[in-house]
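Please look at the sequence and the model together, and follow the path of the chain before reading on. The paragraphs below begin with one pair of residues and widen from there.

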Amino acid sequence: FGTTYRRLGMYVEYAPRFGSSWRDHSDRQIHGGLIKFSVQTSKRSELLSTTHLYSERSELPGGLNRIEYQADPFQSRRPFDRFDGNRIGTSLK
């Protein structure tokens with residue numbers, strides 16, 4: 001979504017990703033977003049802001065050796081392993 005009203009411009013983007021791979025214990029939830037603002041403060045200057053947001057929670061099934069893979073390629077040896085991460089970054093010009 002984006003719009004401009006008088007001297008203010010705004011843009012907002014949200015891109016979620018959900019799903020899993022073919023292996024057990026491989027679900028993931030990822031949320032990504034972007035927020036941008038622009039304000040014309042005078043004829044010769046403007047204030048710009050960009051904020052990026054990212055959050056992820058992913059299960060990690062772990063690697064399999066050859067014998068484990070041959071027995072069941074869909075199994076997970078690491079049922080409690082996961083990755084949780086968040087990031088927020090802002091720039092202001």
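In this predicted model, M10 stands opposite F37 in β3. The strand β2 covers residues 8-19 and β3 covers residues 28-40, and these two strands pair in the antiparallel sense over twelve bridges. Strands here are DSSP runs of E with at least two residues, numbered from the N terminus, and two of them pair if DSSP finds at least two bridges between them.

The pairing of β2 with β3 belongs to a wider arrangement, an open sheet of five strands in the order β1-β2-β3-β4-β5, with antiparallel pairing. At its edges lie β1 (2-5) and β5 (82-92), each of which pairs on one side only. Direction ignored, neighbouring strands of this sheet are turned by 5° against each other on average, where the axes are lines fitted to C-alpha atoms and angles run from 0 to 180 degrees between N-to-C directions.

Residues are numbered from 1 along each chain as its sequence is written. Local features need pLDDT of at least 70 and side-chain atom pairs count only at pLDDT 80 or more, while totals for chains, interfaces and linings use all residues, and side-chain values use heavy atoms, with hydrogens and water left out.

Turning to charged side chains, a search of the whole structure finds four salt bridges, a salt bridge being a side-chain nitrogen of Lys or Arg within 4 Å of a carboxyl oxygen of Asp or Glu. One of them joins R57 to D84, with the closest N and O atoms 3.9 Å apart; this pair links distant parts of the chain, since R57 is in strand β4 (residues 46-59) and D84 is in strand β5, 27 residues apart. D84 also meets R82 in a salt bridge, at 2.6 Å from N to O, and R57, R82 and D84 are thus linked in a network of salt bridges.

How exposed are the members of this network? R57 is partly exposed, with a relative accessible area of 45%, and R82 is partly exposed at 45% relative accessibility, whereas D84 is partly exposed at 40%. Partly exposed lies between buried, under 20% relative accessible area, and exposed, over 50%, using a 1.4 Å probe and protein chains only.

Another salt bridge joins R77 to E68, where the closest N and O atoms are 2.7 Å apart. R77 is partly exposed, its relative accessible area being 41%.

Conventions:
Helices (H or I, at least four residues) and strands (E, at least two) are DSSP runs, numbered from the N terminus.
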